[in-house]
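Biologist: Could you take me closely through the surroundings of the ligand, and then show me how they connect to the rest of the chain?

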Amino acid sequence: MEQMKVILSDSEIPRQWYNVLADLPTPLKPPLHPATGEPVKPEDLAPIFPMNLIEQEVSTDRWIDIPEPVLEKYLLWRPTPLCRARNFERLLNAPVRIYYKHEGTSPAGSHKPNTAIAQAYYNKVFGTKRISTETGAGQWGSALSMACQMFGLACRVFMVRVSYDQKPYRRIMMHTWGAECIPSPSELTEAGRMVLKQNPDSPGSLGIAISEAIEDVVSDPEARYSLGSVLNHVLLHQTIIGLEAELQMKMIGEYPDVVMGCAGGGSNFGGIALPFVRDKIYGKQVTIVGAEPTSCPTMTRGPFAYDFGDLAKKTPLLAMHTLGHDFVPAPIHAGGLRYHGMAPIISHLVREGLVEARAYNQLETFEAGINWARTEGFIPAPETDHVIAAVVDEARRAKEEGKEKVILFSWSGHGLVDLASYEAYLSGKLQPYELPEEEIERALKAIEGFPKP
Ligand SMILES: *Cc1c(COP(=O)(O)O)cnc(C)c1O
């Protein structure tokens, strides 16, 4: 019988996260204070984040110990299995061996609790009483709600209005885990009120919801803000995925030719990829690919520039691939991955040629996801469908080249709370949407006059 999954025991869980900042060939461009154009100082961020996470954000230590209370929560579902997708391989009929890291086994159903639990813990230790955040489809809001409950913190989630109305289930998850969930734009903040004045029916966006959550915490000294992707410390926490995968691959004598992940803000992709990026920096041959939607093609079409992380310009300027802080994704797009920016670490690695990006439209991604569900059983999240489309594409390339390849990817979450988007696909309601060229011009306009990285 062939081995189909590799399971680590509790005692084999990695005890440290990996910090790629220690190994980058050239340093990251620093975040800038928008008023001065100078690099932000830790104290500038103190009203927004707890100091222990700010220190982690700028740390260049290669290995960072995972605190015991965080490990204890990780062990509720980690280490996650590394699975061989033998049935999907048969369907593809290409010379590939496909391994996936099953992050859909977490209580919230995605990789997001890996950082939610760490962030809740560091906030608790720091003395934060309440955390405020934003969420799109609700994966991040639900993961953070659970984590806050575990560490006795209050949690307020600003949820993008269109998802709040159309996707009630993750809101109910948030309530079940004891959090407060507010549709954004809301009347609670100046940023929300401004948007509502211009458009009372605004569907909202992640950029608006981030502005609201930040405004909410700076006026409350006991509250801090939390971001579920993009930032260095978030990618750091997610490296548990790649570190476990590295051990599991070693146990069966495999090493990947290609490592893949879907990328919204870049934390899931960074999580699987960064330990292998390290190998690549030190000379190993490995192709590392991030998959994004053609409707939100941040890495493949967005300029690398300094831009804000939110609509109301409350964040520092980050050097990243961006579609402009005023980007509002097309509502016809069913999947997630709709943030306008990409993690500075991932953007930097793309520029360094250590990582490459490919974009897929939503018809390709749902087709891939449905083929996955019909062979491997598990129904993937619409975001995860993007990396599955990239795997299909990679298998086709391997077949054309007549080359055997080992593919490793992060199966970032299950789609059981996103079935409405499958229904939209199955009933022929989705279009292969590509971002129009005018939108790239709008993005360039949004960053006009900003400092250049
Ligand atoms: C949030 C989410 C993503 C995107 O994660 P990023 O870290 O923002 O790139 C991918 N897959 C699933 C299932 C998610 O919930």
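Modeller: Around the ligand there are 18 residues, and those that come nearest are Lys-112, Gly-264, Gly-265, Ser-267 and Ser-412, where a residue is near a molecule if one of its heavy atoms lies within 4 Å of it. This is a predicted model, in which local features need pLDDT of at least 70 and side-chain atom pairs count only at pLDDT 80 or more, while totals for chains, interfaces and linings use all residues. Residues are numbered from 1 along each chain as its sequence is written, and side-chain values use heavy atoms, with hydrogens and water left out.

Three side chains make polar contacts with oxygen atoms of the ligand (a polar contact is a pair of N or O atoms within 3.5 Å; within protein, one must be able to donate a hydrogen and the other to accept it, and residues adjacent in sequence count only if both atoms are side-chain atoms). For Ser-267 the distance from a side-chain N or O atom to a ligand oxygen is 2.4 Å, for Lys-112 the corresponding distance is 2.6 Å, and for Ser-229 a polar side-chain atom lies 3.0 Å from a ligand oxygen. The ligand taken alone exposes 380 Å², and the protein buries 93% of that area, as computed by the Shrake-Rupley method with a 1.4 Å probe.

The shell around the ligand divides into four nonpolar, twelve polar and two charged residues; here Ala, Val, Leu, Ile, Met, Phe, Trp, Tyr, Cys and Pro count as nonpolar, Asp, Glu, Lys and Arg as charged, and the others, Gly among them, as polar. Helix H12 (267-281) and helix H16 (382-401) each supply at least two residues of that shell, helices (H or I, at least four residues) and strands (E, at least two) being DSSP runs numbered from the N terminus.

Helix H12 also leads away from the ligand, for it holds Arg-278. Arg-278 forms a salt bridge with Asp-23, the closest N and O atoms being 3.3 Å apart, under the rule that a side-chain nitrogen of Lys or Arg lies within 4 Å of a carboxyl oxygen of Asp or Glu. This pair links distant parts of the chain, 255 residues apart, since Asp-23 belongs to the loop between strand E2 (16-18) and helix H1 (42-45). By the same rule the count comes to 30 salt bridges.
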